[in-house]
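Please look through the structure shown below, following its charged side chains and then its strands. The text beneath it leads from one to the other.

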Amino acid sequence: MNVKIAESWKKPLTTEFKKPYFKELAKFVKEEYSKNTCYPKGSQIFSAFDYCAFDDLKVVIIGQDPYHGVNQANGLCFSVNDGISHPPSLINIFKEIEADLGIPYPNSGNLERWAKQGVLLLNATLTVRAHQAASHQNKGWEQFTDEVISLISKHKSHVVFLLWGGYAKKKGAKIDRSKHLVLTSGHPSPLSANRGYWFGNKHFSKTNNYLKLNGLTEIDW
């Protein structure tokens, strides 16, 4: 795996790429992609970083695994390629945005438009084997993305972290709450949302209110 990542992230993450665990991870990913169908496409593994420059970053949304269905994953958490049916969690995200901000439910589930505005759509694990959920967990990705979160917490100010579900909450446990806004709720998956842990969290309006309060441009959700 050649690490082709946006220029703005190279400096903060160079040390990480040189660590033994990351070299082992790169070896594993390269082998997996050569022997199996994996998602997202190799060129999209670091899409979350490519679309959202470090200097422009304002919001972080933490997911778990890329989608493992055909042509779904595009390297951005919760996002799917244009023309792909919206997965249940994404449907509930869009429903909450509609209820919270009155923005009509969109046709496209591709969240590149958010990423380009400074939303880092970060999965904890950046790759997966086709049709095998969690198949690339515990191979080193989690250590890498923990470091990404730590870097953002340490070197940025006034970032909004959206932690949905127990996994994301644990992942964001060490974020410095004194200089960032951390919003938590249940996961948007039907299992959680239908039990009352997702809808009504108003995370999208709360995010924009915080950004505006700190002199930053609001996100057009």
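In this predicted model, Lys10 forms a salt bridge with Glu7, and the closest N and O atoms of the pair are 3.3 Å apart. Both residues belong to helix 1 (residues 7-17), where they are three residues apart and therefore separated by about one helical turn. Lys10 has a relative accessibility of 34% and so counts as partly exposed, whereas Glu7, at 60%, counts as exposed. Side chains of opposite charge can pair when their charged atoms come close.

The count of salt bridges comes to five, and another of them joins Lys19 to Glu16, with 3.0 Å between the closest N and O atoms. Here Lys19 is partly exposed, its relative accessible area being 29%, while Glu16 is buried, with a value of 4%. A further salt bridge brings together the side chains of Asp146 and Lys171, at 2.8 Å from N to O. This pair links distant parts of the chain, since Asp146 lies in helix 6 (residues 141-155) and Lys171 in helix 7, 25 residues apart. Asp146 is partly exposed, with a relative accessible area of 38%, but Lys171 is buried, with 11%.

Another acidic residue to consider is Glu32, which lies in helix 2 (residues 20-35). With a relative accessibility of 9%, Glu32 counts as buried, because the limit for that class is under 20%. Its side chain is joined to that of Arg129 by a polar contact of 2.8 Å. Leaving aside residues up to four places away in sequence, Glu32 touches Cys38, Arg129 and His136.

The strands come next. In strand 2 (residues 59-63), five of the five residues are buried, so the strand is largely enclosed by the rest of the structure. Val59, Ile61 and Gly63 point one way from strand 2, and Val60 and Ile62 point the other way, yet all are buried. Strand 2 runs parallel to strand 3 (residues 119-123), to which five bridges join it, and within this pairing Ile61 stands opposite Leu121. Strand 2 also runs parallel to strand 5 (residues 160-164), joined to it by three bridges, with Val60 opposite Phe161.

From strand 5 the pairing continues to strand 6 (residues 181-185), which runs parallel to strand 5 and is joined to it by five bridges; Phe161 of strand 5 stands opposite Val182 in strand 6. Between these two strands the chain passes through helix 7 (residues 166-171), and this β-α-β crossover is right-handed. Helix 7 also holds Lys171, the partner of Asp146.

Notes: Residues are numbered from 1 along each chain as its sequence is written. This is a predicted model: local features need pLDDT of at least 70, side-chain atom pairs count only at pLDDT 80 or more; totals for chains, interfaces and linings use all residues. Side-chain values use heavy atoms; hydrogens and water are left out. Buried means under 20% relative accessible area, exposed over 50%, partly exposed in between (1.4 Å probe, protein chains only). Helices (H or I, at least four residues) and strands (E, at least two) are DSSP runs, numbered from the N terminus. Two strands pair if DSSP finds at least two bridges between them. A crossover is right-handed if, with the strands pointing away from the viewer, the path from the first strand over the helix to the second runs clockwise. A polar contact is a pair of N or O atoms within 3.5 Å; within protein, one must be able to donate a hydrogen and the other to accept it, and residues adjacent in sequence count only if both atoms are side-chain atoms. Contact means heavy atoms within 4.5 Å. A salt bridge is a side-chain nitrogen of Lys or Arg within 4 Å of a carboxyl oxygen of Asp or Glu.
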